[in-house]
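Me: I am new to this structure and would like to understand the reasoning behind the terms used for it. Could we go through them one at a time, setting each value against its definition?

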Amino acid sequence: MWTTFITTVKSLFRTPSVLIWCIVFPLALPTLFMVMFSGLGNDGTLDPVPVAVIEDQSWRDSGFSQVIEALDGEDGDRLLQVTYVDDEEAGRALIEDGSVAGMYTIDSELMPVVTMPPDNYAGSSGMRSLRGTILQRVADSYLQNYRLIESSFEENPQVFTNPGTISEALGVSVGAERFSATRSLPDETVRYYYVLLAMVALMAGTQNALVSLCWLQPSVSVLGARRMVAGTSRIRQLMGVILGSWVVSVFCSYLSFGYLCLVVGIDFAGREGLCLAGLAVATLASTALGALVGALPLKGGADVRSGALLALVLGLCVIAGMVGTGSMELSDALAQAWPPEAWLNPARLIADLFYSLYYYDSLSPFGLRLLACAAMAGALFAASAVFLRRQRYEHL
Amino acid sequence: MSIFKAALRLAARHRVYFLIYLVALSLCGLPMVLSSMNATADVSAAGHKEYIASVAVIDRDGSAISRGLTAHVSQTAELVEVADETYAIQDALAQSHVDGVVVIPQGFGQDLMDAAHAGSDAPEVQVAYGTDMQSGTLAMSEATGWLSLAGRAAALDPAADEHEVVSRAEEASQERAGTRVTDVQAAQAGTETFTGYLGFNLYALFVTIVVCVGLMMSRFRTPEMRLRNGASPLSFSQVNRSVVGAGLVLTAIAWGWVSALALGFGAGALEGAAWWQVALCLLSLFLYCLVPLAMAFALSQLNASEEMLNAVGNILGLASSFLSGAWVTRELMDSSVQALARLTPGYWCNDVLVSAFTTSDWGALAGRMATDLGMLLLFAVVTALVGAAVSQARVLRSTGSARAARMAE
């Protein structure tokens with residue numbers, strides 16, 4: 001068995017497709033992600049909303065200008081990033097080229113008016129809608145305070161005999177103390193990397209197990225036919241092959257994990273040890289999936305099965321959220337519409353392993369997913385054993 | 001013609017790649033694009049739809065003010081019920097069920113009234129955000145804005161009790177500032193379904209063409225095939241034309257498949273769009289497909305193996321698609337990354353997809369479209385020229401070696 005194990009490990013490391021799919025590809029993709037997300041703030045600070053303001057006499061006369069100046073502060077809670085322009089035409093030009101999310105003007109009653117592009121103007125409609133709503137809320141808030149003071153004056157004018165009443169009232173401001181409800185600061189980019197890690201575990205496990213199992217089967221490869229007449233029992237060969245391909249897969253996954261930790265700088269919430277354990281179990285499940293596809297009595301050789309598995313893994317990763325915001329939204333929508341999907345799609349399940357370590361203090365969500373991975377591995381190994389047991393090679 | 005047919009038969013033997021990379025991936029994209037586009041389908045061409053933040057209010061106070069806040073949030077945002085437990089709050093944020101959580105501490109209502117009457121600092125609420133800071137900030141401002149209004153109502157009328165304060169804050173919060181939506185031409189409503197689907201398939205098309213055409217062309221570069229073709233009455237240029245022609249047919253099939261799906265599933269979204277806008281998108285996609293075709297030709301001149309074709313097709317296809325802005329909006333990318341993206345064909349193709357429906361005035365688009373399409377053509381030509389140069393260098397080297405061998409004899 002140990003000879004089979006060592007031979008499997010050596011052979012896999014000498015196979016070009018294994019090197020490309022399990023080592024080169026998993027290192028190239030996070031590098032691409034790293035470049036792409038380099039401009040995305042993930043330090044827990046707010047990206048201010050860019051807005052144009054027409055700095056005319058009405059603007060200077062309106063109290064709204066003071067509100068906007070306060071929100072355009074320099075500290076970490078800066079909500080707006082103001083660009084002052086001379087006239088409406090210049091503001092519109094900034095909106096059209098996408099430099100600002102909207103424009104504030106002051107009407108004849110010295111009240112703010114928000115101008116913004118349509119949501120489906122070139123770019124992300126969701127982001128436009130959100131930024132537009134933030135600009136609208138700022139103007140609403142000013143107007144609401146104005147109306148509150150006006151209605152108070154109408155109801156009880158005597159209160160305003162004291163000139164300091166209004167400034168004192170406006171000084172009442174309820175602040176918000178931010179607390180971290182989750183174990184680590186929420187970061188939208190880490191999810192992409194976690195799905196990527198899931199893809200590596202799946203790609204490595206399935207490809208290695210499939211290739212090495214095809215080398216063992218007489219009906220699929222010439223090598224398999226030669227090994228069939230060897231003195232070593234079938235179960236010993238099978239154990240050596242599975243163990244060897246799992247070890248190679250774990251090595252490839254750990255290599256990718258190390259790259260994510262040390263080069264890309266992805267945060268695993270200080271639980272790297274548990275991540276490694278999770279990755280080992282996840283790789284076991286993917287090895288079992290590869291073994292099952294390798295054991296299925298399908299027509300075609302290793303190439304056809306390998307291609308089919310590659311497509312399956314990529315498809316599972318796409319619906320787990322790997323390829324952009326649309327894919328991530330689909331993943332969330334699927335999980336909300338049909339929660340078992342998050343447990344049955346191995347890509348989503350493995351990504352959630354890391355996600356649960358990142359967000360939850362408790363280890364129970366991680367433990368549950370680890371158990372699910374182990375159960376999936378057990379079920380798939382059992383199924384592949386059934387297919388391997390029942391195979392007959394009459395032509396031999 | 002026989003070479004052309006043989007090339008197509010050769011490609012058909014590797015149809016598994018066509019099925020995996022093109023058919024499977026393009027079908028995967030259908031639910032993804034349709035679901036993400038449904039979310040914005042109700043936005044009219046010239047409208048602005050308010051973003052509805054989802055907020056969880058953890059009320060540890062139970063006062064009239066805290067209840068008033070909960071009622072207000074349920075009207076202006078999506079109020080999500082979350083239990084006052086660490087795990088439940090973490091779960092709501094981690095699963096993106098809420099944009100933000102607002103915790104009202106015990107005694108908050110009374111403290112706010114006291115602070116308003118005394119003119120001292122108002123108490124604070126506790127907030128936690130989800131993954132998107134901007135939507136979290138919006139959720140938080142919905143709550144603190146209303147609480148501040150309540151505090152100011154109390155300061156303006158010291159005799160008012162909590163219920164009266166809540167009533168006045170609620171009345172004032174009905175006010176809305178005037179909004180105007182600029183008359184810049186918006187993308188025609190729903191056309192995102194069509195262009196989004198084409199953008200999603202940039203990767204599928206790239207990898208399919210590089211691998212399938214590259215494999216077919218590489219087979220014609222094997223020594224045995226070259227010897228056999230060399231003995232035939234056909235000249236090398238005739239053979240090459242037939243092989244390139246077969247590659248062009250494969251490219252057209254891949255492009256046609258994606259275009260047919262996009263037109264089939266996005267037909268409803270294209271009502272009101274001019275025919276030339278649709279044609280422009282499909283033309284840009286076709287010119288984009290010429291880039292992987294040229295790359296397949298260049299790689300075949302290098303005798304690239306099947307693994308190499310797969311690796312190059314996947315890595316460059318993913319890089320081009322990610323940086324194009326079709327998968328992740330360009331607004332999220334750093335300016336240096338956006339500059340880098342211009343070096344990929346996907347950027348120019350996606351630029352056509354993004355801008356084709358922004359105006360129905362052809363004249364306003366002509367310059368931009370000409371640049372985009374010209375750049376795509378340039379990418380294809382330059383890549384093909386590199387391949388031709390490599391091929392020429394190899395021919396010269398092999399001729400030189402043959403001469404040297406003859407001279408040595």
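**Reasoning through a predicted model**

Me: What joins strand 3 of chain B to strand 4 of chain B, and in which sense do they run?

Reply: In this predicted model, strand 3 of chain B and strand 4 (residues 125–129) of chain B are joined by four bridges and run antiparallel. Two strands count as paired if at least two bridges are found between them, and four bridges join these strands, so they satisfy that requirement. Within the pairing, Val101(B) has Ala128(B) as its bridge partner in strand 4 of chain B, while Gly100(B) stands opposite Tyr129(B).

Me: How do you know that strand 3 of chain B also pairs with strand 1 of chain B, and in which sense?

Reply: Strand 1 (residues 54–59) of chain B and strand 3 of chain B share five bridges in the parallel sense, and since at least two are needed, these strands count as paired. One of the partnerships links Asp59(B) with Ile104(B) in strand 3 of chain B.

Me: Why is strand 3 of chain B described as largely enclosed?

Reply: A residue is called buried if 20 or more other C-beta atoms lie within 10 Å of its own. Five of the five residues of strand 3 (residues 100–104) of chain B are buried, and therefore the strand is largely enclosed by the rest of the structure. Both of its faces are covered, with Gly100(B), Val102(B) and Ile104(B) buried on one side and Val101(B) and Val103(B) buried on the other.

Me: What makes strand 5 of chain A and strand 2 of chain B edge strands?

Reply: The open sheet to which they belong has five strands in the order 5(A)-4(B)-3(B)-1(B)-2(B), with mixed pairing. Strand 5 (176–178) of chain A and strand 2 (78–79) of chain B are its edge strands, each pairing on one side only.

Me: Which helices lie across strands of chain B, and at what angles do they run?

Reply: Among them is helix 4 (residues 86–94) of chain B, which lies across strand 1, strand 3 and strand 4 of chain B and runs at about 150° to strand 3 of chain B. Helix 6 (residues 133–156) of chain B lies across those strands of chain B together with strand 5 of chain A, running at about 160° to strand 4 of chain B.

Me: What is the strand order of the open sheet that includes strand 5 of chain B?

Reply: Its five strands follow the order 2(A)-1(A)-3(A)-4(A)-5(B), and the pairing is mixed. Strand 2 (80–85) of chain A and strand 5 (178–181) of chain B are the edge strands, since each pairs on one side only. Neighbouring strands of this sheet are turned against each other by 30° on average, direction ignored. Strand 1 (residues 49–54) of chain A pairs with strand 2 of chain A in the parallel sense over six bridges, and Ala52(A) stands opposite Thr83(A) in strand 2 of chain A.

Me: Why is Phe33(A) called buried or exposed?

Reply: Phe33(A) has 21 other C-beta atoms within 10 Å, and because the cut-off for a buried residue is 20 or more, Phe33(A) is buried. Phe33(A) is found in helix 2 (residues 16–36) of chain A and, leaving aside its neighbours within four places in sequence, is in contact with Tyr192(A), Tyr193(A) and Leu196(A).

Me: Why is Asp121(B) put in the class that it has?

Reply: Asp121(B) has 13 C-beta neighbours inside 10 Å; an exposed residue has 12 or fewer and a buried one 20 or more, so Asp121(B) counts as partly exposed. Asp121(B) lies in the loop between helix 5 (108–118) and strand 4 of chain B.

Me: How do you know that the span of helix 12 of chain A is close to the expected one?

Reply: Helix 12 (residues 302–318) of chain A has 17 residues and reaches 24 Å from its first C-alpha to its last, close to the 24 Å expected at 1.5 Å a residue. Among its buried residues are Leu309(A), Val313(A) and Cys317(A).

Me: Which residues touch the most other members of the largest nonpolar core?

Reply: They are Ala198(A) and Val101(B), in a core of 246 residues. The largest share of this core, 19 residues, comes from helix 8 (residues 190–214) of chain A. Leaving aside neighbours within four places in sequence, Ala198(A) has contacts including Cys317(A) and Ala347(A).

Terms used. Residues are numbered from 1 along each chain as its sequence is written. Chains are lettered from A and ligands numbered from 1 in the order in which they are written. This is a predicted model: local features need pLDDT of at least 70, side-chain atom pairs count only at pLDDT 80 or more; totals for chains, interfaces and linings use all residues. A nonpolar core is a set of buried Ala, Val, Leu, Ile, Met, Phe, Trp, Tyr and Cys residues joined through C-beta atoms within 7 Å. Two residues are in contact if their C-beta atoms, placed from the backbone, lie within 7 Å. The expected span of a helix is 1.5 Å times one less than its number of residues. Axes are lines fitted to C-alpha atoms, for helices over the stretch in contact, and angles run from 0 to 180 degrees between N-to-C directions.
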